[in-house]
Amino acid sequence: MRDRLRVVLPVVAALAIVLGLGWSWWQSLVPGSYSVMDMGYEDLGGGPSMGGMHHEGVSVTSLVADPARAADVRVALTARKESFRLPTGEQVDGYTVNGTSPGPVIRAVEGQLVEVALTNANVTDGVTLHWHGVEVPNAEDGVAGVTQDAVAPGKTYTYRFVASRAGTFWYHSHQVSHTQVRRGLLGALVVTPRARSPLRDVLALSHVYGGKATVNGHVGADEVPARPGEKVRVRLLNTDNAAVRVWVSGSAYRLLAVDGYDLHGPTAVTDRAVLVTAGGRADLEVTAPARVELGAAALVVGTDVPKGTQPTSTLDLLAYGTPAPLGFDPDDADRRFRYSIGRRPGFLDGKPGLWWSINGHLFPDVPMFVVAEGEVVRMTISNHSGAAHPMHLHGHHAVVLSRDGERATGSPWWSDSIEVGSGQTYEIAFVADNPGVWMDHCHNLPHAAQGLVAHLMYEGVTTPFRIGHEGNEPE
C-alpha cells in the first residue's frame with residue numbers, strides 16, 4: 001500500500017499542477033471580440049448597485065457635445081504611416097499627422113467648441129484620437145473598442161467637444177497606442193483663457209523617436225526668440241512612456257500649472273527639478289534668457305545660456321503653493337476604491353510570463369470600478385510591482401490627497417497623470433461628473449498592452465463597441 005502511494009501521490013500532484021495550469025491558461029484567454037463591460041468583475045467601492053455592468057441604459061454614443069451648436073474651431077487632420085524627417089534632418093519610420101510629427105498644434109480659447117475631422121490616409125491598423133487630459137464627452141474620448149470603432153484607411157471620423165478648461169493638453173492615437181504613439185501619431189492641444197495673459201506662450205513637446213530625444217521635433221535643443229527680461233510661459237508636454245526631470249538654467253521659475261490645472265500661490269524655484277510623468281504636462285514661468293532642460297533635449301528661450309548642473313532634489317507638489325478650496329469633501333466619499341498594482345507569473349491571453357496585476361488579478365479578470373453621477377470618489381493607488389507606473393484616468397482630474405501617508409498641504413494638486421513609484425501609495429479623490437465608460441490605465445503604454453488597464457464605469461451607461469471587432473485594439 002505504501003509503495004502504491006509513493007507512486008500515485010506524485011502522479012496526482014503532477015496532474016493537479018497540470019490541471020491548475022490548464023485552468024489558468026483557459027481563464028486567461030480573451031475572445032476574438034468582446035465588450036469591456038463583460039470583462040473582469042464589478043467593484044462597487046462600498047456604494048449601492050443599480051444594475052451595474054449589465055444594466056441597460058444610456059449608450060456612450062449619446063454622450064456628445066450639443067449637436068446644434070456650431071463649431072468655433074475647425075481642424076482637419078490626416079494620419080499617415082510613412083517615413084519622415086525631423087526638422088534637424090533625422091529620418092524616422094513612423095506616423096505623421098498632416099505630414100509632420102509632432103502633428104499640428106491645435107489652439108482654442110476656453111469655452112470654444114472644437115471640431116476635428118480625422119482622416120486615415122493609409123494606416124492599416126486603423127487610428128483614433130484621444131484628447132489626453134481634456135474632459136470631453138465620453139463619445140469623443142477616442143478609445144477604439146470602447147467609445148468608437150477605429151477609423152479605417154480612407155475613412156473620416158469627426159470629434160466635437162467644448163474646451164471647457166484652459167490648459168496644456170495633447171492628442172494621440174488610442175488604437176495600437178503602444179506602437180502608434182511611440183512612433184509619432186500625436187500633437188499638442190493648447191487652450192488659452194478668455195482673458196489675455198501677459199505672458200508669452202511657448203510650447204515644449206518632449207518625444208523620443210528611435211532613441212533620439214527631441215523638443216518640438218528638434219533633436220538636441222529647440223530655440224525660441226525672447227527679449228532679455230521677458231517672462232515666458234513654457235508649456236511642457238511629456239509624450240513618452242517614462243517620466244522626465246525638468247530643470248531651468250539661467251533663470252528661476254515658477255510652476256504655474258500641472259496637467260491643465262493652475263496651481264494656487266506658486267513661488268519661485270531655483271534649485272529643484274520638476275518631475276513630469278509620462279503623459280503629464282507642466283507650465284513653467286521663466287525669464288529670458290533661460291535654458292529649459294528636458295532629459296537629453298532642451299528648449300532655449302532667448303539667447304542660449306550655459307547648461308547648469310542638474311538639481312539633486314525634486315519639487316514636492318504636496319507642499320508647493322498655498323491651499324485653496326476643493327469644492328467638495330473627499331473625507332465624505334460615496335465610493336472608496338483600491339487600485340493595487342503588482343506583478344506575478346501567469347497567463348495573459350494564453351501567453352505565459354510575468355505580468356502586471358491589479359488587486360492581485362491578471363487581465364482580463366480586472367476590476368470595473370462602478371460609480372454614479374454626482375458621487376464623491378476616493379481611490380487608493382498602491383504600487384508593489386518593482387517598476388514605476390504613470391497612472392492616467394480618462395475623462396476626469398483627481399486631486400492628490402496624500403502620498404505614503406503624508407497629506408497634501410500646498411496648492412490643490414489636480415492631475416490626470418500621476419507617477420506612482422514602486423513602493424509608493426497615493427490617495428486621490430474626484431467628483432464623478434462626466435458619465436461614461438472610461439479607461440484607467442498605465443501610460444507607459446507597453447505596460448497597458450501587458451494588462452495594466454481597468455475601467456471606471458457609470459451606472460446605467462453602456463457601450464455598443466467591442467475590442468477585436470473592426471480591428472479595435474486600444475492598447
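User: Does arginine 69 count as buried, partly exposed or exposed, and what is the relative accessibility behind that label?

Analyst: In this predicted model, a residue is partly exposed when its relative accessible area lies between the 20% and 50% cut-offs. Arginine 69 has a relative accessibility of 31%, and therefore counts as partly exposed.

User: Which residue meets the side chain of arginine 69 in a salt bridge?

Analyst: The closest approach of this pair, N to O, is 3.0 Å, which falls within the 4 Å cut-off for a salt bridge. The partner has a relative accessibility of 43% and counts as partly exposed. The residue that meets arginine 69 is aspartate 72.

User: How many residues apart are aspartate 93 and arginine 183, which form a salt bridge?

Analyst: The closest N and O atoms of aspartate 93 and arginine 183 are 3.6 Å apart. Aspartate 93 belongs to strand S4, whereas arginine 183 sits in the loop between helix H2 and strand S10. The pair links distant parts of the chain, with a separation of 90 residues.

User: Is arginine 378, the salt-bridge partner of aspartate 331, buried or exposed?

Analyst: The closest N and O atoms of aspartate 331 and arginine 378 are 2.9 Å apart. Arginine 378 lies in strand S28 and aspartate 331 in a loop, so the pair ties together parts 47 residues apart in sequence. Aspartate 331, at 47% relative accessibility, counts as partly exposed. Arginine 378, at 7%, counts as buried.

User: How many salt bridges does a search of the whole structure find?

Analyst: Some residues are linked in a network of salt bridges, namely Asp201, Arg233, Arg235, Asp262 and Asp283. For the whole structure, the number of salt bridges found is 20.

Methods: Residues numbered from 1 in each chain as written. Predicted model: local features only at pLDDT ≥ 70, side-chain atom pairs only at ≥ 80, totals over all residues. Heavy atoms only, no water. Buried < 20%, exposed > 50% of the residue type's maximum accessible area, 1.4 Å probe, protein only. Helix = DSSP H or I, 4+ residues; strand = E, 2+ residues; numbered from the N terminus.
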